[in-house]
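Here is a quick tour of one model, taken a piece at a time. Have the sequence and the 3D view open as you read.

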Amino acid sequence: MPGIDKLCQCFVKLSRSNNLTILRMAQNRDLAGATMELVTGGAGFIGSHLVDILVAQGKKVRVYDNFTSGREEFLAHHHGSGMVEIIKGDLLDFDMLKSAMEGVETVHHLAANPDIRLGTEVTDTDLRQGTVATYNVLEAMRNTGVKRISFSSSSAIYGEANVMPTPETYGPVKPISLYGASKLASEALITAWCGTFGAKSWIHRFANIVGPRGTHGVIYDFIHKLKKDPSRLEVLGNGLQEKSYMSAEDCVRAMAHIVDGTDEVINLYNLGTGDTCSVRRIAEIVVEESGLKGVSIEYTGGDRGWAGDVPKTSLDVEYLFSTGFEPTMQSEAAIRHTARALIDEIGL
Ligand SMILES: NC(=O)c1ccc[n+]([C@@H]2O[C@H](COP(=O)([O-])OP(=O)(O)OC[C@H]3O[C@@H](n4cnc5c(N)ncnc54)[C@H](O)[C@@H]3O)[C@@H](O)[C@H]2O)c1
């Protein structure tokens, strides 16, 4: 593992040669023995929570993010700690990505388009930001000898599963969104890389993740709608859509727990809480937490919010729980915690 001085010099050099933008660099400090973890999408909602937990574990972190939805303020509390480097770069810029692999132990690959709806309008979004981006990450790892990847997949790969709660062994999986298809393709690329080039992987199939710093999703949308018009709340669909919700804090704790505690070539886990909550109930909780009175909750109708939306998802999390992991919040508690945090962040 090169010392931080050497790494810094190396990055300054790369910065000149490859037009690499380093927003903040880990300051010189003796971090001998600390491993370097690369977090793609580390300035995003879940990624920034993952950076927090990795730093708390004493690991140095290099964030690689193009800041399309990531925000520098989500990492501001690490400024000056000497533990976090931030590189502004795109996963589709292969040379820059390869440079960022220098000295890395594990790649935590979270960067992707997070918006399922976008795929219905710009149909190559998930192909490029999901599948091709994951290929680039794996190829950059192969070129630089990095052997460990932890990947944020999604329950969207199961599509409209006919077994619920849905276990990891369910199949054949038939995603119904382009986003789900790109996650499944990414999983396949990762397992193929492990089989062909001797890498090791941790694949996390997330439930719906909610929490502070959220920049998209149902709770975020509801708060923005109420901010615009405090007298009514429009809900897409009939409100009977029902999914599992996990707090971002529990999600990244589970990720770290799985990566640290399992050691197969491919370690594949559903990450969730084991229960579900309806969109109708989420609307009620957000209105309760807003403190607004007399809000009329109105439903657009139909069994789903948009094309590609899966009306009901329920992940079987027995495999996760068998490792000794326990979430601190069930779905409703995670939703209430998020509503409070986001109302505070967004303002009403
Ligand atoms: N939030 C959820 O409920 C949920 C559920 C299942 C899976 N996931 C997955 O978890 C991961 C993180 O999602 P999130 O909710 O934190 O979303 P997010 O948008 O906050 O995070 C994605 C991050 O990746 C960055 N990014 C996007 N495209 C990039 C590119 N081409 N190059 C470099 N950086 C890029 C963005 O700027 C952002 O910081 C994603 O892979 C998402 O698909 C999220």
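Start with what "near" means here: a residue is near a molecule or strand if its C-beta atom, placed from the backbone, lies within 6 Å of it. This is a predicted model, where local features need pLDDT of at least 70 and side-chain atom pairs count only at pLDDT 80 or more, while totals for chains, interfaces and linings use all residues. Residues are numbered from 1 along each chain as its sequence is written.

**Around the ligand**

The ligand has 27 residues around it, and Gly41, Gly44, Gly70, Ala112 and Pro114 come nearest. Helices and strands below are DSSP runs (H or I, at least four residues, for helices; E, at least two, for strands), numbered from the N terminus. At least two shell residues come from each of α2 (45-56), α4 (125-144), β6 (148-154) and β8 (208-210). With three residues, α2 has the largest share. Sorted by class, the shell holds 13 nonpolar, twelve polar and two charged residues. For that sorting, Ala, Val, Leu, Ile, Met, Phe, Trp, Tyr, Cys and Pro are nonpolar, Asp, Glu, Lys and Arg are charged, and the others, Gly among them, are polar.

**Two helix pairs**

Besides its part in the ligand shell, α2 packs against another helix. Here are both pairs; axes are lines fitted to C-alpha atoms, for helices over the stretch in contact, and angles run from 0 to 180 degrees between N-to-C directions.

| Pair | Axes | Angle |
|---|---|---|
| α2 and α7 (residues 248-261) | within 9 Å | roughly 55 degrees |
| α6 (residues 218-228) and α10 (residues 331-346) | 10 Å apart | about 45 degrees |

Angles under 35 degrees count as roughly parallel, over 145 as roughly antiparallel, 65 to 115 as roughly perpendicular and the rest as oblique. So α2 and α7 are oblique to each other, and α6 and α10 are oblique too. A crossing is right-handed if the near helix is turned clockwise from the far one by less than a right angle, and left-handed if anticlockwise. The α6 and α10 crossing is right-handed.

Who does the touching there? From α6 come Ile219, Tyr220, Ile223, His224 and Lys227, and from α10 come Ile335, Thr338, Ala339, Leu342, Ile343 and Ile346. Contact here means C-beta atoms, placed from the backbone, within 7 Å. That set splits into eight nonpolar, two polar and one charged.

His224 deserves a second look. Its C-alpha is 7.8 Å from that of Ile346, though the two are 122 residues apart in sequence. Is His224 buried or exposed? His224 is exposed, because just 12 other C-beta atoms lie within 10 Å. The cut-offs are 20 or more for buried, 12 or fewer for exposed and partly exposed in between, counting other backbone-placed C-beta atoms within 10 Å.

**Loops and backbone oddities**

Gly305 sits in the loop between β14 (296-299) and α9 (318-321). It is buried, with 21 other C-beta atoms within 10 Å. Leaving aside residues up to four places away in sequence, Gly305 touches Leu236, Gly237 and Gln241.

Most residues other than glycine have a negative phi, and most peptide bonds are trans. Phe67 has a positive phi of about 60 degrees, and Arg213 has one near 75 degrees. Phe67 counts as partly exposed, with 15 C-beta neighbours, whereas Arg213 is buried, with 20.

Cis peptide bonds join Met164 to Pro165, with omega about -5 degrees, and Gly171 to Pro172, with omega about 0 degrees. Pro165 lies in the loop between β6 and α5 (178-197), and so does Pro172.

Conventions:
Contact = placed C-beta atoms within 7 Å.
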